[in-house]
Amino acid sequence: MMATDDDILAGAEAWRRAGRGVALATVVETWGSAPRPVGSHLVVDGEGNFLGSVSGGCVEGDVVTEAMDVIADGAPRTLDFGVADETAWRVGLSCGGRIKVYVERVD
Amino acid sequence: MRLDILSRLNAERAARRAAVVVTDLATHEQRLILAAEVEADPLAEALGAGLRSGKSGTVQHEGRALFIAVQVPPVRLVVIGAVHVSQALAPMAKLAGLDVTIVDPRTAFATPERFPDVTLLPEWPDAALARIGLDRFTAVTALTHDPKIDDPGLDAALRAECFYIGALGSRKTHAARVSRLLAAGHAEADIARIHAPIGLDIGAVSPAEIAVSVLGQVVGALRRKPTRAETAGPRP
């Protein structure tokens, strides 16, 4: 099912209330051409299920992996994603933009 | 984010009230500010600007980087008329993230079989719209072709701050509508806010194509320029 912003935040709450580990990822800054605006959310559970998006699908895999670490240790972190060759060790944005994503656990 | 903050935020969203979550990106300190509390907040200026634009962003405050997540109510589309075009428009608008409400007093049209999964109000628009309340995050489209039903809906939309008002019908139909609204006491400049004939000019023929043109126009009104409330301030 397609998720609207409401579904995403309501989904985060419902997942947490059902006892699942949940992390909320939010786009906090963008530079240049970015696929999703500041404030966009991705919600992830401890098993890697997710709702919403922070990019056009380019970096979600990486954010989900990091989010599972955040669920495990509870420490919020900020992730930077740039063009693919600047950050060859991780996925990048082929559109040439840069985004910063804040990931926090729902406690 | 603490579950109690998330829970209160979701409650505010469900009640169609704006709210802001402020996060210190270094200390991870976080708080929720309801729209009614913004004015008295130390960050009033930045929070107020966020609520007006609906845009989230990072601000520097006393040497701290604070992320302001602005949560404005979900954009709502009120469709007057449970007609064929509305049957196509409702699921398309829902996919686009709009909160859809269909209003039509004709109970033969306003049936859950014809309109699954959307809010359906089988009542007169003046009564229905007064009850649900129109705000600047609401678009109103009048699609019945029947002045008895469309006019009360347009009347309510013109008195509110709706960011979009559209009415189906030919130029001739609209000219007659303008005369009726003038006679009802609306100013010409206000009546000019009505998009009529409704929809983008894409040569739409079928009900579904007309729905595409209407939805495109609604999205344009939402995204291409600030809402009327932002540019003109409160209405007298």
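## Exercises on a predicted two-chain model

Leaving aside neighbours within four places in sequence, Ala93(B) touches Leu77(B), Leu98(B), Val100(B) and Leu215(B). The model is predicted.

**Exercise 1. Place Ala93(B) in its chain and decide whether this residue is buried or exposed.**

Step 1: find the element. Ala93(B) sits in helix 3 of chain B, residues 84–95.
Step 2: check the cover. The relative accessible area of Ala93(B) is 0%. Buried means under 20%, so Ala93(B) is buried.
Step 3: list the contacts. Beyond four places in sequence, the partners of Ala93(B) are Leu77(B), Leu98(B), Val100(B) and Leu215(B).
Step 4: take a distance. Ala93(B) and Val83(B) lie ten residues apart in sequence, and their C-alpha atoms are 15 Å apart.

**Exercise 2. Locate Leu200(B) and say which nonpolar patch holds this residue.**

Step 1: find the element. Leu200(B) belongs to the loop between strand 10 (194–195) and helix 8 (207–223) of chain B.
Step 2: classify the exposure. Its relative accessible area is 43%. That value falls between the 20% and 50% limits, so Leu200(B) is partly exposed.
Step 3: test for a patch. A patch residue needs over 30% relative accessible area. Leu200(B), at 43%, joins Ile202(B) and Val212(B) in a nonpolar surface patch.
Step 4: give the area. Together the three residues have about 260 Å² accessible.

**Exercise 3. Describe the fold of chain A, from its elements to its annotated domain.**

Step 1: count the elements. Chain A has two helices and five strands.
Step 2: order them. From the N terminus they run α-β-β-β-α-β-β.
Step 3: look at burial and contacts. Chain A has 107 residues, and 45% of them count as buried. Among contacts with a separation of 6 or more, 50% join residues 24 or more positions apart.
Step 4: look at the surface. Chain A exposes about 4,800 Å², with 50% supplied by carbon and sulfur atoms.
Step 5: add the record. An unreviewed UniProt entry places "domain: XdhC- CoxI" at residues 15–82 of chain A. Over that stretch the chain is 25% helix and 34% strand. The end C-alpha atoms are 31 Å apart.

**Exercise 4. State how many residues each chain brings to the interface, and how much area is buried.**

Step 1: count residues. Chain A gives 24 and chain B gives 21.
Step 2: give the area. Chain A and chain B bury about 1,800 Å² between them. Carbon and sulfur atoms carry 60% of that area.
Step 3: look for salt bridges. Zero are found across the interface of chain A and chain B.

Methods: Residues are numbered from 1 along each chain as its sequence is written. Chains are lettered from A and ligands numbered from 1 in the order in which they are written. This is a predicted model: local features need pLDDT of at least 70, side-chain atom pairs count only at pLDDT 80 or more; totals for chains, interfaces and linings use all residues. Side-chain values use heavy atoms; hydrogens and water are left out. UniProt positions are given in the numbering used here, feature names are shortened, and annotations may be inferred rather than shown by experiment. Helices (H or I, at least four residues) and strands (E, at least two) are DSSP runs, numbered from the N terminus. Patches are made of residues with over 30% relative accessible area and no salt bridge: like charges are joined within 9 Å, nonpolar side chains (Val, Leu, Ile, Met, Phe, Trp, Tyr) within 5 Å. Accessible areas come from the Shrake-Rupley method with a 1.4 Å probe; for residues, only the protein chains shown count as cover. A salt bridge is a side-chain nitrogen of Lys or Arg within 4 Å of a carboxyl oxygen of Asp or Glu. Buried means under 20% relative accessible area, exposed over 50%, partly exposed in between (1.4 Å probe, protein chains only). Contact means heavy atoms within 4.5 Å. Buried area is the accessible area (1.4 Å probe) that two parts lose on being put together, summed over both.
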